[in-house]
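Let's work through a few exercises together, step by step. Keep the sequence and the 3D view open beside you.

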Amino acid sequence: QVQLVESGGGLVQAGGSLRLSCVASGRTSRWAVMSWFRQAPGKEREFVASITWSFGSTRYADSVKDRFTISRQNAKNTVYLQMNSLKPEDTAVYYCAAWSFGASDYDYWGQGTQVTVSS
């Protein structure tokens with residue numbers, strides 16, 4: 001059974017920082033990509049950042065580039081999202097997702113962690 005469990009969300013003032021963690025259990029060797037998505041109230045879920053499990057190649061949404069950093073620690077089956085210079089528009093539920101080799105889309109999702117940025 002594969003599980004993704006996020007943590008690290010909370011309330012922070014604009015300009016502050018948070019670090020989200022996503023701990024994965026199960027057969028992580030089958031994963032090609034790990035990503036973070038977010039969904040704000042009344043909005044569609046959107047891509048934030050991704051990292052390849054094997055080589056650590058990263059990709060970011062333009063809205064978070066130069067402020068957020070995604071990283072992974074394979075030995076701990078953990079993916080991180082370091083968020084700096086947070087803005088009120090970053091307020092959302094943040095989800096961790098995994099894309100397995102051979103899958104047509106992300107096939108595992110975490111339960112989400114709330115990030116609220118006050119102005």
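**Exercise 1.** What share of the contacts in the chain with a separation of 6 or more comes from residues 24 or more positions apart?

*Solution.* First, know your material: this is a predicted model, in which local features need pLDDT of at least 70, side-chain atom pairs count only at pLDDT 80 or more, and totals for chains, interfaces and linings use all residues. Residues are numbered from 1 along each chain as its sequence is written, and side-chain values use heavy atoms, with hydrogens and water left out. Next, a contact means heavy atoms within 4.5 Å. Residues 24 or more positions apart account for 53% of the contacts in question.

**Exercise 2.** Describe the fold of the chain and its compactness.

*Solution.* Start with the elements: helices (H or I, at least four residues) and strands (E, at least two) are DSSP runs, numbered from the N terminus. The chain has zero helices and 11 strands. Its radius of gyration, taken over C-alpha atoms, is 14 Å, close to the 14 Å that the globule rule (2.2 Å times the number of residues to the power 0.38) gives for 119 residues, so the chain is as compact as a globular protein of that length. Along its principal axes, the C-alpha trace spans about 40 × 25 × 25 Å.

**Exercise 3.** Find the largest nonpolar core and the strand that gives the most to it.

*Solution.* Buried means under 20% relative accessible area, exposed over 50%, and partly exposed in between (1.4 Å probe, protein chains only). A nonpolar core is a set of buried Ala, Val, Leu, Ile, Met, Phe, Trp, Tyr and Cys residues joined through side-chain atoms within 4.5 Å. The largest one here has 35 residues, and Met34, Trp36, Leu81, Met83 and Tyr94 have the most contacts inside it. Strand E4 gives the most to this core, with six residues.

**Exercise 4.** Where does arginine 30 sit, and what does it touch?

*Solution.* Look in the loop between strand E3 (18-25) and strand E4 (31-39) for arginine 30. Its relative accessibility is 31%, so arginine 30 counts as partly exposed. Leaving out residues up to four places away in sequence, arginine 30 touches Ser100, Phe101 and Tyr108.

**Exercise 5.** What is the sign of phi at aspartate 66?

*Solution.* Recall that most residues other than glycine have a negative phi. Aspartate 66 has a positive phi, near 75°. This aspartate 66 is in the loop between strand E6 (58-60) and E7, and it counts as exposed because its relative accessibility is 80%.
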